[in-house]
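This report describes a protein model for readers at the bench. The sequence and the structure are shown first, and the description follows.

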Amino acid sequence: MKKTLLLTLSILISVSIYGMGDKVKNPGHSKDSYNNVQVPSPKQTLIGTTSPDFMFTSLDGTNHTLSDYKGKKIILDFWATWCPPCVAEIPHFIALQNDYPDVQVIGISVDQGSATQVVQDFMVDKNINYPVAMGNETIIAKFGKIKSIP
């Protein structure tokens, strides 16, 4: 059962990264700055390759690199507080983080503007137990153009 849940969530993340829509949609923001990043198609560059290493600072102020989690299975979740499916998957990521010591969930919030405090409050409210960083063009570019979430 746990293996099936992990496989299902991995597939969900893969679909999220490779996208099914035209762009990340954020009501209340007319310009999506992530669409300006020019990168090759993720289907051409990422399948079958090692994830690109990147540095990020989680909202608790801790510096991380993807390579810090070498040897673990990493679930990199691009999400937003305003996205109902994203919010619905969070309890499952919390459970994975608790139940599987060889799995590391990392959340990348694509909330834009001055949303840092909104995301921090959201993390406390949802008891998120894994690192979350605010997405930026550098992180988005490392993984190809994120076209949709979750």
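The link between C83 and C86 is right-handed, with 70 degrees about the S-S bond. In this predicted model, the two sulfur atoms of C83 and C86 lie 2.5 Å apart and are joined as a disulfide. The structure holds 1 disulfide. A disulfide is a covalent bond between the sulfur atoms of two cysteines. Both ends of the link are buried: C83 has a relative accessibility of 5%, and C86 has one of 0%.

**Aromatic pairs**

A search of the whole structure finds 2 aromatic pairs. The rings of W79 and F122 have planes at 35 degrees, so this pair is classed as tilted. W79 belongs to strand β3 (residues 73-79) and F122 to helix α4 (residues 116-126), so that the pair links distant parts of the chain, 43 residues apart. W79 is buried, at 0% relative accessibility, and F122 is buried as well, at 12%.

F93 and Y130 also form an aromatic pair, and its geometry is edge-to-face. F93 lies in helix α3 (residues 84-99), whereas Y130 lies in the loop between α4 and β5 (132-134); the pair therefore ties together parts that are 37 residues apart in sequence. Both F93 and Y130 are buried. The geometry of the pairs is set out below.

| Aromatic pair | Centre to centre | Angle between planes | Class |
|---|---|---|---|
| W79 and F122 | 5.3 Å | 35 degrees | tilted |
| F93 and Y130 | 6.4 Å | 85 degrees | edge-to-face |

**The sheet and the helices packed on it**

How are the strands of the open sheet ordered? The 3 strands follow the order β3-β4-β5, with parallel pairing. Because β3 and β5 stand at the edges, each with a single partner strand, one side of each has no neighbour in the sheet. On average, and with direction ignored, neighbouring strands of this sheet are turned by 25 degrees against each other. Strand β3 is joined to strand β4 (residues 103-109) by 7 bridges, and the two run parallel. F78 has I108 in β4 as its bridge partner.

Helix α3 packs on the sheet and touches β3 and β4. The direction of α3 makes about 160 degrees with that of β3. Helix α4 packs on the sheet too, touching β3, β4 and β5, and its direction makes about 165 degrees with that of β5.

**A residue in the loop after α4**

N127 is found in the loop between α4 and β5. The phi angle of N127 is positive, about 55 degrees, although this residue is not a glycine. N127 is exposed, with a relative accessible area of 57%.

**Confidence of the prediction**

The mean pLDDT of the protein is 74, and 66% of its residues reach 70 or more. Which elements have the lowest and the highest mean pLDDT? Helix α1 (residues 2-18) has the lowest, at 46, and α3 has the highest, at 96. Over residues 4-40 the pLDDT is below 50, and this stretch has 69 contacts in the model beyond near neighbours in sequence. Where pLDDT is low, the predicted coordinates should not be read in detail.

Key: Residues numbered from 1 in each chain as written. Predicted model: local features only at pLDDT ≥ 70, side-chain atom pairs only at ≥ 80, totals over all residues. Heavy atoms only, no water. Disulfide = S-S within 2.5 Å. Buried < 20%, exposed > 50% of the residue type's maximum accessible area, 1.4 Å probe, protein only. Phe/Tyr/Trp six-rings, centres within 6.5 Å; stacked < 30°, edge-to-face > 60°. Helix = DSSP H or I, 4+ residues; strand = E, 2+ residues; numbered from the N terminus. Pairing = 2+ DSSP bridges. Axes fitted to C-alpha atoms, helices over the stretch in contact; angles between N-to-C directions. Contact = heavy atoms within 4.5 Å. pLDDT = per-residue confidence, 0-100.
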